[in-house]
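Open the model in your viewer and keep the selection tool at hand. The stops below go one selection at a time.

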Amino acid sequence: MHHRLHWSVVCIDMMRFATSQSGSSQSMCITNQRCAIIGESLHETRCAFGTKLWTISDRIARQRRCASWAYRIHTTTQSSRHIEEEGDAYYLTPTLERIQQQKSEIPNADASRSFTSSTTHQATILLDGLATSHLGLDPRQNTRHAPMVFHEGYSFQDWPTTYTFPMDKFKQTAYSLLNDSDEFLLHDEEYDYDARPLVLSKQHFFKPLSHLQFPLSFLSPPICPAFLQSFLSGSLTREECRLIGFREQTSRPELIERTVLEVAGTVLTAQLAMKYGLACHLAGGTHHAESGRGKGFTILNDLAVVARLMTWNEGDEVNDAAANNDVGLLRQFYRGDDRKVERVLVVDCDVHQGDGTATFHTDQTSPSNNKDKTFPATNLCNKLYTLDLHAESNYPHPKEKCTYDVPLPDDCDDELYLSSLGDALDRALIEVNPQLVLYNAGVDVYHSDKLGRLSLSWEGMKQRDIHVVRRCLIDNIPVACVVGGGYSTDVRELGIRHSLISRVCSLMWREYGLWRRK
């Protein structure tokens, strides 16, 4: 069986990677090199990359040999997975063996936080201070939509269909933005009633650092290093996995990869918001996760990570920074051109209370929130503030204490919701006076959501998003948006629902001419 792929040039980037085939002494080792390969006829040579299979040609193998690549090819009779021609780079998923190898290289928690740190990383990992692996459409030339962050690794195949969490929703959100007409542009005379999709190319999305590039020291603190190490190595206990909700799937390499990617994406979104005034992430909002444990389909709290990185200064965690040698990275990390971020306000409009986020700014953290007793619980008090609108009778039980709690009754409609939001948001913005707002635009407030108990209409959600984003922009406060929760058996419909916040952000982007922001 032969396959002919007409490629002019195929660029393959590999991080240092090693896998071995079970029951065989043969293995493939690929060094960290870049090779441009001119494809002709691709013959079927099957090479095992952990659980993934990649089809390569004999010609590729010969060129790799000429390039002094160290490898041994193991041929298997399993069906191969072919590389399709894509505009984006293909990301390899680390095997558990590789993660375990990384863990063995980390003798203690302090070293864990410096795993991806080095002089080389300090010089190359950040692009003009941004934690990105791909720059999207230049916002200063983009009169169409706000900067958006997406990575194809957010969703992956073979997710159990019986699980409540719809892993494919992130892919479907991007699909909607790339394929569906935008309701605002469709009725905009200035844009000639444009019926094209809002995003015209997937290359226009910004892309976060890969899970292998993103420094663990950006995650911990505020994430407890012992918990982080256990998760990355796939060694959480059964009870910890049950609490998260993903059970046996929690140790899957694909899930580990996308969890780190999601946090990296929210970090990049916050940076873009500081630079351009507004940005939107096609994932994020992992607001149930605490420092030392995951809960409610969330594992690492991206909002807390952003708050810590954005408010970091030379006096924070001095011993920590000196030990992990990441002071250079933290200094280079972009936090705005002319303003210092001292206070971050999370406006959480997911139907469930963001109890995990609240634990990061309380004076006392529960023992279960600090798995490593030698690691002081990170306290973002006076730096992180939370405004939370949620269904009072819904998960979690019991609730945590947010800075501003707005519990809502079951079947709350548009009018009551928007009235409650307006009053609470005005108060929070005045009293906190934040330099950055993180907006969790959960769509599980929708009347037909599988896990929601409120009754907002599509128009109600639209007005909610417009109000939050516009209110922040009026006060000249940068706002970074994440999609939050949303649950449905119709994942295509759910993707359309989640795309709303990106469409609203783009409406505000055009209304305020933010591409002209200096």
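**Cysteines first**

Select Cys481 and Cys505: the sulfur of Cys481 has its closest cysteine sulfur in Cys505, 3.5 Å away, which is too far for a bond. This is a predicted model. The cut-off for a disulfide is 2.5 Å between the sulfur atoms. Cys481 is buried, with a relative accessible area of 0%.

Now add Cys472. Its closest cysteine sulfur is in Cys481, at 8.1 Å, so this pair is also too far apart for a bond. Cys472 is buried too, again with a relative accessible area of 0%. The disulfide count by this rule is 0.

**On to Leu278**

Which residues does Leu278 touch? Leaving out residues up to four places away in sequence, its contacts include Cys481 and Cys505. Show Ala146, Pro147, Leu272 and Ala273 as well, which are also among them. Then add Val469, Leu473, Val479, Met508, Trp509 and Leu514 to complete the list.

**The core**

Leu278 belongs to the largest nonpolar core, which has 129 residues. Color Leu278, Leu387, Tyr417, Leu436, Tyr439 and Val469: these have the most contacts inside this core. Helix H10 gives the core its largest share, 13 residues.

**Last stop: helix H5**

Select residues 169–179, helix H5. Its buried residues are Lys169, Phe170, Gln172, Thr173, Ala174, Ser176 and Leu177. What do they pack against? Show strand E8 (148–149) and helix H10 (253–276). Then show helix H17 (491–498) and helix H18 (500–511), which complete the set of packing partners.

Technical notes: Residues are numbered from 1 along each chain as its sequence is written. This is a predicted model: local features need pLDDT of at least 70, side-chain atom pairs count only at pLDDT 80 or more; totals for chains, interfaces and linings use all residues. Side-chain values use heavy atoms; hydrogens and water are left out. Buried means under 20% relative accessible area, exposed over 50%, partly exposed in between (1.4 Å probe, protein chains only). Helices (H or I, at least four residues) and strands (E, at least two) are DSSP runs, numbered from the N terminus. Contact means heavy atoms within 4.5 Å. A nonpolar core is a set of buried Ala, Val, Leu, Ile, Met, Phe, Trp, Tyr and Cys residues joined through side-chain atoms within 4.5 Å.
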